[in-house]
Amino acid sequence: KHVGFLQLPVAAAKLPPSNAAIIDQSETRPKLLFDATTSWCASWTMLLHSDYSTAPTIKFTYAMTSAISGSASLDWSVWKTTSEEAVDAQTESYASVNTCTDTAVPGTAGRITTVECLLVNADGMLPDDVITLKACRNISDTATGNLELMSAYFQYVKN
């Protein structure tokens, strides 16, 4: 089984006009901050490789600014657009969210951990589709303070 991936650079995230995650470059590594009480979001748009086959997955690394207990969740959504669709390419149309939860945040604030999440709701994406992957903090999680997204990539099985 061959695996392909597309990196989602933190500093290259598109931020929505409201409830935007914050790109924080104040320390050694850039990170995206997601609030605990308001569902802040960020997204990345790309052309899906022609070798895409199945099993779309998000793998991301995060830390918590202050929380040392509870669960942390990011909701990841997929929106695909094809040249065959008679729609405005700017009209958002995401599939249902994929909630990716780490059931126990690290016991030390600032310590990183990695979560891998299968994108069951992938909007029927196919090779050569334009896709947008959106991450939003799921504010029903139980961790307090900001979730700090350190890195993320989209992974899939190649044909």
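In this predicted model, D141 and R137 form a salt bridge in which the closest N and O atoms are 2.8 Å apart. Both partners are covered: D141 is buried, and R137 is buried as well. Under the criterion applied here, the count of salt bridges comes to 5.

A second salt bridge joins the side chains of E148 and K31, with an N to O distance of 3.7 Å. E148 belongs to strand β10, which spans residues 147–158, and K31 belongs to strand β3, residues 31–34, so the contact ties together parts of the chain that lie 117 residues apart in sequence. As with the D141 and R137 pair, each of these residues is buried, E148 and K31 alike. The E148 and K31 contact is also part of a wider arrangement, since salt bridges that share partners join E27, K31 and E148 into one network.

A further salt bridge is formed by the side chains of K59 and E116, at 3.8 Å from N to O. This pair, too, links distant parts of the chain. K59 is located in strand β5 (residues 52–64) and E116 in strand β8 (residues 113–118), with the two positions 57 residues apart in sequence terms. K59 has a relative accessible area of 26%; this value lies between the limits of 20% and 50%, and the residue is therefore classed as partly exposed.

Strand β3, which carries K31, was examined further. In a regular strand the side chains alternate between the two faces of the sheet. In β3, K31 and L33 point one way, whereas L32 and F34 point the other way. All four of these residues are buried.

The pairing of β3 involves strands β2 and β10. Strand β2 (residues 22–24) runs antiparallel to β3 and is joined to β3 by 3 bridges. The two strands form a hairpin, with 6 residues between them. Within this pairing, D24 has K31 as its bridge partner in β3. Strand β10 likewise runs antiparallel to β3, and 3 bridges join these two strands. Here the residue that stands opposite E148 of β10 is L33. E148 thus has L33 opposite in the strand pairing, while the side chain of E148 meets that of K31 in the salt bridge described above. K31 in turn is the bridge partner of D24 and a member of the network with E27 and E148.

How values were computed. Residues numbered from 1 in each chain as written. Predicted model: local features only at pLDDT ≥ 70, side-chain atom pairs only at ≥ 80, totals over all residues. Heavy atoms only, no water. Salt bridge = Lys/Arg side-chain N within 4 Å of Asp/Glu carboxyl O. Helix = DSSP H or I, 4+ residues; strand = E, 2+ residues; numbered from the N terminus. Buried < 20%, exposed > 50% of the residue type's maximum accessible area, 1.4 Å probe, protein only. Pairing = 2+ DSSP bridges.
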